[in-house]
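Work through the exercises below with the structure at hand. Each task is followed by a solution in steps.

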Protein chains: 6
Amino acid sequence: MNTNWTDKLQNLKKTTGTLASSSPETMKIFGSLALTVTKDGALSKKNKELMAIAISICIRCEDCIAYHMQNAIKAQASREEVIESINVAIEMGGGPSTVYGGKAIAAYEEFTRA
Amino acid sequence: MNTNWTDKLQNLKKTTGTLASSSPETMKIFGSLALTVTKDGALSKKNKELMAIAISICIRCEDCIAYHMQNAIKAQASREEVIESINVAIEMGGGPSTVYGGKAIAAYEEFTRA
Amino acid sequence: MNTNWTDKLQNLKKTTGTLASSSPETMKIFGSLALTVTKDGALSKKNKELMAIAISICIRCEDCIAYHMQNAIKAQASREEVIESINVAIEMGGGPSTVYGGKAIAAYEEFTRA
Amino acid sequence: MNTNWTDKLQNLKKTTGTLASSSPETMKIFGSLALTVTKDGALSKKNKELMAIAISICIRCEDCIAYHMQNAIKAQASREEVIESINVAIEMGGGPSTVYGGKAIAAYEEFTRA
Amino acid sequence: MNTNWTDKLQNLKKTTGTLASSSPETMKIFGSLALTVTKDGALSKKNKELMAIAISICIRCEDCIAYHMQNAIKAQASREEVIESINVAIEMGGGPSTVYGGKAIAAYEEFTRA
Amino acid sequence: MNTNWTDKLQNLKKTTGTLASSSPETMKIFGSLALTVTKDGALSKKNKELMAIAISICIRCEDCIAYHMQNAIKAQASREEVIESINVAIEMGGGPSTVYGGKAIAAYEEFTRA
């Protein structure tokens, strides 16, 4: 019953892909919003993706963790940076964030092993 | 790892069925609440079920999506109406609602294919 | 200590106005997202604003209630339609939704009295 | 800017009172649900109200804290029991629960002073 | 597709174990927080674990339900006490709490059968 | 009805101060958790406080925004960095995050003006 994070991400892409073709106008605008807010600026793309991971943990969204973890890794986030982001999420979310923080580190390990 | 929405709904019925037999008084009152608020009135049952889907997406509750999607389909909600409800959820919930909106459209497709 | 909803809305416009001038690119895209998802389509603008009210109640966001209530009233939502939307929020959110549903009806009354 | 919890409760009663007269059927059923789940049973009414306080803190609902605190006090909850319930909420909610836990103890103090 | 709660708990222990070895300082402090708030005091450990279950249901965290259910059972919580805690969660969370309440009773049954 | 953020922070310190003296053991451990997770490490204290602001916006906690904004400013966060953190919160939280993002920028302005 271990989560397979690569499959989870695959499935996420499929379902949001269906949504994108069903609702092209809204999803195109949302895509442009996502692109705009995460580009390098006063804060680096890496830091913004780590921020998105911490938020995903606090709101308990597994697929969001998968998606932003993949982006953070692409942006060269280190294991230690991921862990410290999880720690902030624990301070802001308590016990449930230890649960989803555990999921986040599992996703990190699977994505960097692959 | 694609979610099987029909199985999910089946399992939901089983677990809430156990709850209903374990806690008959509370669950009977709750059932009467659910019935009352979703009946046709100033707003149609269909519109109320679509509203419940949008809420379910925003609060990230997969089984709630499954349950209210089935009801919305029974109440003759069209694919386009489901999609526009997902869009409202995206405005009110951002990226996580694109994730659960994707799940909602997958549920819709499975339930209307079946 | 009654909430003054007109003041609340005024203040919301001021703070989001500051945000819009501080972060014009993101807020312009978001504005276009909000516009797109709430326009008349398979569902009416009125029904979408009522949906946004129900979500606002379930996530306990007072300013969101104020903002979408004003829009719903502009889109000709009736008192009965507002109440039935609150009822759906109660089914989906329990006791806390009776609290924020009470706030919603107070906002409706103040905005339609003014 | 200290919250006046007695005023807050007063205002809550007014707004939910308006809701009750606007939506009598739903609110009557909900009232009966609330009554049923909090009566003495395998768990005491006091313990259930403390449970509702802990939930209210975790979901950050000030009026819910006010309402259930008043009920807990009526059911003879002690200051120490309130504090231990806040502590559970802190474990389950992290920093934000220290914020709303602080509000809860302030409400307790105001209601028992009055 | 029935959830296997024993497997879920097993997997939770594995992922949080990885987190504990990756972030020993934070997780050690958090462990001490969890221990402190749930020990017998003005409220019993059993009542605090039931409180944590009710919160877990309201915030829709399956693994949290699994973890605190196991603890509640160890602390001698009865089936009826679990059910009444679920009922409080239903009052505080509406329909989604009937969904996660159903999961909670399924977890209880699996853990007490084992 | 503009929020006075300095007063809000003052009041927060008072209520959590009462909680700290009422529940010294739990609050001392929590304080040590907060200190540990936000200290400079692989990520800077500044970046962690900005992360906490983004989370506070997404979970709609005004006092949390006030508290972490003050810390971020002390850690030399710039206006632009605050704005980009708000933007990430908008991507992760939609419309409600524009509302609480507006509050965050208002808090930033008041704290840096003072």
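## Exercise 1: a helix pair within chain D

In this predicted model, α3(D) and α6(D) are oblique to each other. Derive that label from the packing geometry of α3(D) and α6(D), then describe their contact.

Solution.

1. Two packed helices are described by the angle between their axes and by the distance between those axes.
2. For helix α3 (residues 45-58) of chain D and helix α6 (residues 95-113) of chain D, the angle is about 130° and the axes are 8 Å apart.
3. Angles over 145 degrees count as roughly antiparallel and 65 to 115 as roughly perpendicular, with the rest beyond the roughly parallel range being oblique. The pair α3(D) and α6(D) is therefore oblique.
4. The handedness of the crossing of α3(D) and α6(D) is right-handed.
5. On α3(D), the contact is made by I53(D), I57(D) and C58(D); on α6(D), by S97(D), Y100(D), G101(D) and A104(D).
6. Sorted by class, this contact has 5 nonpolar and 2 polar residues, and no charged ones.

## Exercise 2: a helix pair across chains A and F

Find the angle and axis distance for α5 of chain A and α3 of chain F, and classify the pair.

Solution.

1. Helix α5 (residues 79-93) of chain A packs on helix α3 (residues 45-58) of chain F at an angle of about 50°, and the axes lie 10 Å apart.
2. This makes α5(A) oblique to α3(F).
3. The crossing of α5(A) and α3(F) is right-handed.
4. From α5(A), the contact takes S85(A), V88(A) and M92(A), and from α3(F) it takes K48(F), M51(F), A52(F) and I55(F).
5. The class count for this contact is 5 nonpolar, 1 polar and 1 charged.

## Exercise 3: two contacts of chain C

How many residues does each chain bring to the contact of chain B with chain C, and to that of chain C with chain F? Break down one side of each contact by helix and by class.

Solution.

1. Between chains B and C, 24 residues of chain B are in contact with 24 residues of chain C.
2. On the chain B side, α2 (24-38), α3 (45-58) and α5 (79-93) each supply at least two residues. The most come from α5(B), with 9 residues.
3. That side of chain B comprises 14 nonpolar, 5 polar and 5 charged residues.
4. Between chains C and F, the contact takes 18 residues from chain C and 16 residues from chain F.
5. On the chain C side, at least two residues each come from α1 (5-22), α2 (24-38) and α4 (62-74). Here α1(C) gives the most, with 9 residues.
6. The side of chain C that touches chain F has 7 nonpolar, 8 polar and 3 charged residues.

Definitions and conventions:
Residues are numbered from 1 along each chain as its sequence is written. Chains are lettered from A and ligands numbered from 1 in the order in which they are written. This is a predicted model: local features need pLDDT of at least 70, side-chain atom pairs count only at pLDDT 80 or more; totals for chains, interfaces and linings use all residues. Two residues are in contact if their C-beta atoms, placed from the backbone, lie within 7 Å. Helices (H or I, at least four residues) and strands (E, at least two) are DSSP runs, numbered from the N terminus. Ala, Val, Leu, Ile, Met, Phe, Trp, Tyr, Cys and Pro count as nonpolar, Asp, Glu, Lys and Arg as charged, and the others, Gly among them, as polar. Axes are lines fitted to C-alpha atoms, for helices over the stretch in contact, and angles run from 0 to 180 degrees between N-to-C directions. Angles under 35 degrees count as roughly parallel, over 145 as roughly antiparallel, 65 to 115 as roughly perpendicular and the rest as oblique. A crossing is left-handed if the near helix is turned anticlockwise from the far one by less than a right angle, and right-handed if clockwise.
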